[in-house]
Amino acid sequence: MSRIVILGGIESTYRNAQLLHDLDEEIVGFYTRGAASPGWEGVDLVDEARFPFAGQVPRTEVNGNINEYADAMRRLQPDFVWSLGWQQRFGLELLSVAPVLGIHESLLPEGAGAVPIANAILHDRPVTGVTLFEVDRGIDTGPILGQLRGLLDPRQVTSTELYEEAMVLEDKLIRSVLPFLHEGLAPRIPQDRRRRTCHGKITWDDWPVDRVRRARTYPYR
């Protein structure tokens with residue numbers, strides 16, 4: 001068991017945080033978005049009734065920049081901070097609280113940056129997946145702890161289908177890597193920057209209609 005802090009406020013945050021809670025990780029702090037928190041465009045509000053952990057752990061609503069809470073997190077003495085969809089960059093003070101772990105819905109170093117599932121469709125990628133990595137000051141640039149490749153072809157399916165596959169893969173990835181994190185044995189594989197692609201926010205009008213039709217489904221509707 002580890003003491004962990006959870007950062008995030010989208011549906012995938014809650015799914016993965018509930019899994020960590022069910023695996024007996026001790027959530028000592030849950031920092032989630034407030035109504036005035038910037039950077040949350042394009043995500044649906046969460047039905048918290050589906051995620052019992054949210055009512056059982058200490059919770060802080062963030063309406064500014066998460067880096068302002070670094071001292072408060074440090075006082076919680078976490079072993080790990082899990083950034084599960086937090087859409088702000090972290091400063092050195094927060095990154096020094098504990099190892100910060102992130103999950104990204106692409107096969108890093110490819111597909112870094114914003115809305116990775118929709119971008120896999122728009123950029124006509126033949127395959128995608130999920131990556132567990134250690135967060136640093138870059139945008140999805142930290143060392144990789146684990147990665148799983150999906151079976152669905154982004155050239156043929158919708159964002160909804162890729163999202164649901166990603167949630168299954170993330171469940172498997174967390175379960176497989178967690179014991180090695182506890183023992184300090186998880187790999188830290190540097191990313192090959194030569195293979196890196198990074199995408200920003202999407203301007204939907206710039207893309208072919210057929211790709212937009214498949215990409216602009218939940219969670220990007």
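Trainee: Which residue forms a salt bridge with Glu-48, and how far apart are the closest N and O atoms?
Mentor: Keep in mind that we're looking at a predicted model. Glu-48 sits in the loop between strand 2 and strand 3, and its partner is in strand 3, 11 residues apart. That partner is Arg-59, with the closest N and O atoms 2.7 Å apart.

Trainee: Is Glu-48 buried, exposed or partly exposed? And what about Arg-59?
Mentor: Buried needs a relative accessible area under 20% and exposed needs over 50%. Glu-48 has 30%, and Arg-59 has 38%. Both values fall in between, so Glu-48 is partly exposed, and Arg-59 also counts as partly exposed.

Trainee: How many salt bridges does a search of the whole structure find?
Mentor: The pair of Glu-48 and Arg-59 is one salt bridge, and there is also a network that links Glu-11, Arg-15, Arg-50 and Glu-164. Over the whole structure, the search gives 12.

Trainee: Arg-155 forms a salt bridge too; with which residue, and is that partner buried or exposed?
Mentor: The closest N and O atoms of this bridge are 2.9 Å apart, and the partner is Asp-153. Arg-155 itself is partly exposed at 41% relative accessibility. Asp-153 has a relative accessible area of 16%, which is under the 20% cut-off, so Asp-153 is buried.

Trainee: What about Arg-194: which residue does it bridge to, and is Arg-194 buried or exposed?
Mentor: Its partner is Asp-192, with the closest N and O atoms 3.0 Å apart. Asp-192 counts as partly exposed at 24%. Arg-194 has a relative accessible area of 77%, over the 50% cut-off, so Arg-194 is exposed.

Trainee: On to the rings. How many aromatic pairs are there?
Mentor: Rings of Phe, Tyr and Trp pair if their centres lie within 6.5 Å. By that rule, the count is six.

Trainee: What kind of pair do Tyr-14 and Phe-30 make?
Mentor: Their ring centres are 5.5 Å apart and their planes are at 85°. Planes over 60 degrees apart count in one class, so the pair is edge-to-face.

Trainee: Where in the chain do Tyr-14 and Phe-30 lie, and are they buried or exposed?
Mentor: The pair links distant parts of the chain, 16 residues apart. Tyr-14 is in helix 1 (residues 11-22) and Phe-30 in strand 2 (residues 26-33). As for accessibility, both Tyr-14 and Phe-30 are buried.

Trainee: Tyr-14 also pairs with Phe-53; what is the angle between the planes, and how many residues apart in sequence are the parts it ties together?
Mentor: The centres are 5.8 Å apart and the planes are at 55°, which makes this pair tilted. Tyr-14 lies in helix 1, whereas Phe-53 is in the loop between strand 2 and strand 3 (59-62). So the pair ties together parts 39 residues apart.

Trainee: Which residues do ring pairs link into a cluster with Tyr-14?
Mentor: We've already met two of the partners: Phe-30 forms a pair with Tyr-14, and so does Phe-53. The cluster's members, besides Tyr-14, are Phe-30, Phe-51 and Phe-53.

Trainee: How do helix 1 and helix 5 run, roughly parallel or roughly antiparallel?
Mentor: Their axes come within 11 Å and cross at roughly 30°. Angles under 35 degrees fall in one class, so helix 1 is roughly parallel to helix 5.

Trainee: Is the crossing of helix 1 and helix 5 left-handed or right-handed?
Mentor: At the contact, residues of helix 1 including Arg-15, Leu-19 and Leu-20 meet residues of helix 5 including Met-167, Ile-174 and Leu-178. The crossing of the two helices is right-handed.

Trainee: Is Thr-13 buried or exposed?
Mentor: Thr-13 is in helix 1. Its contacts, leaving out residues up to four places away in sequence, include Ile-6, Phe-30 and Leu-84. Its relative accessibility is 0%, so Thr-13 counts as buried.

Trainee: Which residue does a cis peptide bond join to Leu-108?
Mentor: Omega for that bond is about 15°. The partner lies in the loop between strand 5 (100-104) and strand 6 (112-113). It is Pro-109.

Methods: Residues numbered from 1 in each chain as written. Predicted model: local features only at pLDDT ≥ 70, side-chain atom pairs only at ≥ 80, totals over all residues. Heavy atoms only, no water. Phe/Tyr/Trp six-rings, centres within 6.5 Å; stacked < 30°, edge-to-face > 60°. Helix = DSSP H or I, 4+ residues; strand = E, 2+ residues; numbered from the N terminus. Buried < 20%, exposed > 50% of the residue type's maximum accessible area, 1.4 Å probe, protein only. Salt bridge = Lys/Arg side-chain N within 4 Å of Asp/Glu carboxyl O. Axes fitted to C-alpha atoms, helices over the stretch in contact; angles between N-to-C directions. Parallel < 35°, antiparallel > 145°, perpendicular 65-115°, else oblique. Left-handed = near helix turned anticlockwise from the far one by under 90°. Contact = heavy atoms within 4.5 Å.
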